[in-house]
Amino acid sequence: MTSTFHERELRAAAAHLGRRRFLTVTGAAAALAFATNLPGSSQAAELDARRALAADPFTLGVASGDPRPGSALLWTRLAPEPYTPDGGMPEARVEVSWEVARDERFTRIVRRGTATAHPEYNHALHIEADGLEPDRVYWYRFRAGDHVSPAGRTRTAPAAGARITDLRLAAVSCQAYHQGYFTALGHLADEELDVVFHLGDYLYEYAVNAVGGARAYTDRTLPAHFNRETVSLDDYRMRYGLYKSDPDLIAAHAAHPFVVTWDDHETENNYADDVPENGVPPEEFLIRRAAAYRAYWENLPLRAPQRPNGADMRLYRRLTFGKLAQFDILDTRQYRSDQAYGDGWKAPGPESEDPSRTLTGSAQERWLLSGWRASRARWNVVPQQVTFSRRRSNSTDDYTVSMDAWDGYPASRERVLAGAESAGVENLVVLTGDVHVGYAFDIKRDFDRPESRTVGTEFVATSLSSGGDGADQPANYRRYMDANPHMRFYNGRRGYVTVTLDEEKARADFRTLPAVTTPGAPIATAASFVTESGAPGLREV
């Protein structure tokens, strides 16, 4: 049954339930069951892949994610025609085999198995390959009929409590297909990394025209259905087909395990919980949110606990890498209070400073603070979406701040900082995306007092392509640097940031490109910073 059919059913159910009942947990879960058909709910037959799959079904490549000490999460999706809603697959189950090896030639296979790709999940597979050794590189691949996928490389996390010398990660964000090439991801594939954190805006809901927007294709014409905003499940599925068929994105996923979290554009710009940007009723928006969340899970390397239930999806989670690092991955979209003063850059006031306002929701906030109290890691790292540190627009009394970032939720930020202090967190590192520029911040205990204690470090990854080519010093560069003395670095080019953690220090290297509107640009390091363990505060190296 098509997603369009289920959306019609859901709208009818929502109308009968009424807004108040629809927005309760029980009512939402019941109604949204119409839109989230699960394996076993249809009469899909089993397909003989060897006979039926004439074309290569592995056009979207492979991926791995959320590394654990003895386990790797492996992903692929069968899509011989990735620009179509069903990926060019019949409405039938397909048996797919997988294998994990110690070497890239697959001469030493250590795990293998079979799994069923269901049409209800758009023929996506999420394989939890267990029984692996901690802190080891593995290679993996899939087979469907006579077709074998490209090989992927992954790495398991170190054992709990293990002492490791270092950990090298990258933080990336914001890959608008229509605003440039994913050249940075091609370079990322060549980096020596243990893990990549994608901090959101993996996909954009905006229209992509026939020439791919700023990519200005001359060798292909994209289908007309991409030239509209994504709203339905079919829309989101096809948009992932477009994005994930990009060769640089395929290469990056094949090279490294990814840990993903979303921001807003995977669903809709600047939404807040059940409040959309464009003023449609919440019950209508939750239909769209359910479709977006479903497509997100289908197309990314996520484990079973992250599988959505209608318009709800538990994306915040915790990963550890031995004694060296604990990662608390946040979701600052699904549970937040609506942006104050109508969103945008506004002067702070009673509405934004209301102590009841939250960016994380109370349950996620409690989870974060209790995790810090139990942490024994050297570095406590928080991969999340929007800028944590204060950003004033200028140095005068009429300054504004972003109502969409933590500046629009100062009471929420204060509770987090107080919780870190109470838990004795000495080495706090926040990883951020969203803003299409690279920043490095000293996190101050009191941003109103520049001389107050530095309690952590924030590294903001610039966009991969969003915003076009950018500039080393954007027009507001001097104004921002003067207004925010804790801002130690600001660069407006595209790229990513790599961070190396060891027992003594964290080092960030801001990697940037001169252009993304033409393919093949080289990458270079724009700046590097270090913060010492036990003595937070950035210094350029």
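# Notebook: charges, overall build, a hairpin and two loops

I began with the charges of this predicted model, and I noted that the protein chain carries 63 positive and 73 negative side chains, with the centres of the two sets lying 4 Å apart.

**Overall build.** Next I looked up the secondary structure, and I found 11 helices and 25 strands in the protein chain. I then took the radius of gyration, which is 23 Å and close to the 24 Å that the globule rule gives for 541 residues, so the protein chain is as compact as a globular protein of that length. For the outer dimensions I wrote down a box of roughly 70 × 60 × 50 Å, which the C-alpha atoms fill when the box is taken along the principal axes.

**Burial, contacts and surface.** I looked up how much of the protein chain is covered, and 61% of its 541 residues count as buried. Looking at contacts between residues at least 6 apart in sequence, I saw that 70% of them join residues at least 24 apart. The exposed surface of the protein chain comes to about 20000 Å², and I noted that carbon and sulfur atoms supply 48% of this area.

**Strands E13 and E14.** I turned to strand E13, residues 317–321, and asked which of its residues make up the covered face and which the uncovered one. Arg317, Leu319 and Phe321 form the covered face, while Arg318 and Thr320 form the uncovered one. I reminded myself that in a regular strand the side chains alternate between the two faces of the sheet. Following the pairing, I found that E13 and E14 run antiparallel and are joined by five bridges, and that Thr320 has Gln326 in E14 as its bridge partner. The two strands, E13 and E14, form a hairpin with three residues between them, and in the turn I noted Gly322, whose phi is positive at about 55 degrees.

**Two loop residues with positive phi.** I kept in mind that most residues other than glycine have a negative phi. Asp273 is not a glycine, and yet its phi is positive, at about 55 degrees. I located Asp273 in the loop between strand E12 (258–260) and helix H8 (282–299). Is Asp273 buried, partly exposed or exposed? I entered it as partly exposed, because its relative accessibility is 28%, which falls between the limits of 20% and 50%.

Tyr341 also has a positive phi of about 55 degrees without being a glycine, and I found it in the loop between strand E14 (325–329) and strand E15 (345–346). The relative accessibility of Tyr341 is 30%, so I entered this residue as partly exposed.

Methods. Residues numbered from 1 in each chain as written. Predicted model: local features only at pLDDT ≥ 70, side-chain atom pairs only at ≥ 80, totals over all residues. Heavy atoms only, no water. Helix = DSSP H or I, 4+ residues; strand = E, 2+ residues; numbered from the N terminus. Buried < 20%, exposed > 50% of the residue type's maximum accessible area, 1.4 Å probe, protein only. Pairing = 2+ DSSP bridges. Rg over C-alpha atoms; globule rule 2.2 N^0.38 Å. Contact = heavy atoms within 4.5 Å. Areas by Shrake-Rupley, 256 points an atom, 1.4 Å probe, with all protein chains shown as cover. Lys, Arg positive; Asp, Glu negative; His and termini not counted. Charge placed at Lys NZ, Arg CZ, Asp CG, Glu CD.
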